[in-house]
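Visitor: Please choose one part of this protein and explain it to me closely. I would like to see how that part relates to what surrounds it.

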Amino acid sequence: EGSWIPLQNSNFIKDDIKIVIGNTTSSMTKVSLDIVNKQQNMTLFSPTASSNEFTKKDDNLIRTQVSNSHTKFVYAASYFKNNNIKNIIGIYDPNNLAYSKDLLFNLEKAVLLKKGKEFVDTIKSTNSFESIKKRIQNQDVDLIVIVASSIDSAKLIQYLRINNINNKI
């Protein structure tokens, strides 16, 4: 997606392309879908978009990834409860908000249904690593859940470990 060309500026519309195999993130799928839905007989396929914003819609999107729901996280929530994991911080990618916040919301909902606690904090992954570290240090945390790209997550985890943040991630 680093070389993504906005659909309205591409030749897809001018050349009357009918099938677009598209975006990998839910946020970019949302942008493209707004454009695709305005076209005559154009369909967008996404192999990875999974935000609930795309569920039960009469639109021109076909996705192969199932949407997030709290039921998807029941086993994780049970594991947390059985292993005395109570205080959870969620770190999310605001550049893919449609997916990342949705995932954390559904995970938290599953935790609450299993009689767990609300997350103690949610933090944008784009905050400085130092500020993220301080927020973690200032709270009682059993688990850090990161919903971000693999590269961004790896960099953050490396920074946290170098700085003696040894919580479960």
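Guide: A residue is called buried here if its relative accessible area is under 20%, exposed if that area is over 50%, and partly exposed in between. The model before you is a predicted one. The part chosen is helix 4, which runs over residues 97-113.

A brief view of the whole comes first. The protein has 6 helices and 6 strands, and along the sequence they follow the pattern α-β-α-β-β-α-β-α-β-α-β-α. The C-alpha trace spans about 55 × 35 × 15 Å along its principal axes. Of the 169 residues, 36% are buried. The accessible surface comes to about 9900 Å², and carbon and sulfur atoms account for 51% of that surface. Among contacts between residues at least 6 apart in sequence, 61% join residues at least 24 apart.

Now to the helix itself. Helix 4 contains 17 residues, and from its first C-alpha to its last it reaches 23 Å. That span is close to the 24 Å expected at 1.5 Å a residue. Which residues of helix 4 are buried? They are A98, S100, D102, L103, L104, N106, L107, A110 and V111. In reading such a list, one general point is helpful. An α-helix has 3.6 residues a turn, so residues three or four places apart point the same way. With that in mind, you may locate L103, L107 and A110 in the structure, which are among the buried residues of helix 4.

What do these buried residues pack against? Their partners are helix 2 (26-36), helix 3 (74-82), strand 4 (88-92), strand 5 (121-124) and strand 6 (143-147). Several of these neighbours deserve a look in turn.

Helix 2 has buried residues of its own, namely S26, S27, T29, S32, L33, I35 and V36. These pack against helix 4, and also against helix 1 (11-14), strand 2 and strand 3 (61-63). The loop between helix 2 and strand 2 (43-46) holds N41. N41 has a positive phi of about 60°, although it is not a glycine. With a relative accessible area of 54%, N41 is exposed.

Helix 3 is the next partner. The structure holds 2 aromatic pairs. One of them joins Y79 and F80 in an edge-to-face arrangement, with 6.4 Å from centre to centre and 70° between the planes. Y79 has a relative accessibility of 47% and therefore counts as partly exposed, whereas F80, at 10%, counts as buried. The other pair, F129 with Y159, is tilted: the centres are 5.5 Å apart and the planes stand at 50°. F129 belongs to helix 5 (residues 129-137) and Y159 to helix 6 (residues 150-162), so this pair ties together parts that are 30 residues apart in sequence. F129 is partly exposed, with a relative accessible area of 27%, and Y159 is partly exposed as well, at 22%.

Between helix 3 and strand 4 there is a loop that contains N84. The phi of N84 is positive, near 60°, and N84 is a residue other than glycine.

A contact of another kind involves K101 and Y92. K101 lies over the face of the Y92 ring, at 4.6 Å from the ring centre. Just after helix 4, K115 takes a positive phi of about 70°.

Strand 6 (143-147) is also among the partners of helix 4, and a nearby residue to examine is S153, which lies in helix 6. S153 touches I146 and A148, leaving aside residues up to four places away in sequence. A polar atom of the S153 side chain lies 3.4 Å from the backbone oxygen of A148. Its relative accessible area is 11%, so S153 is buried.

Finally, N163 lies in the segment after helix 6. The side chain of N163 reaches the backbone oxygen of Y159 at 2.8 Å. N163 also touches K133 and Q137, again leaving aside residues up to four places away in sequence. With 24% relative accessibility, N163 counts as partly exposed.

To return to the part chosen: helix 4 places its buried residues against two helices, helix 2 and helix 3, and against strands 4, 5 and 6.

Terms used:
Residues numbered from 1 in each chain as written. Predicted model: local features only at pLDDT ≥ 70, side-chain atom pairs only at ≥ 80, totals over all residues. Heavy atoms only, no water. Expected span 1.5 Å × (residues − 1). Buried < 20%, exposed > 50% of the residue type's maximum accessible area, 1.4 Å probe, protein only. Contact = heavy atoms within 4.5 Å. Phe/Tyr/Trp six-rings, centres within 6.5 Å; stacked < 30°, edge-to-face > 60°. Lys NZ or Arg CZ within 6 Å of the ring centre and 35° of its normal. Polar contact = N/O pair within 3.5 Å; in protein donor to acceptor, adjacent residues only side chain to side chain. Areas by Shrake-Rupley, 256 points an atom, 1.4 Å probe, with all protein chains shown as cover.
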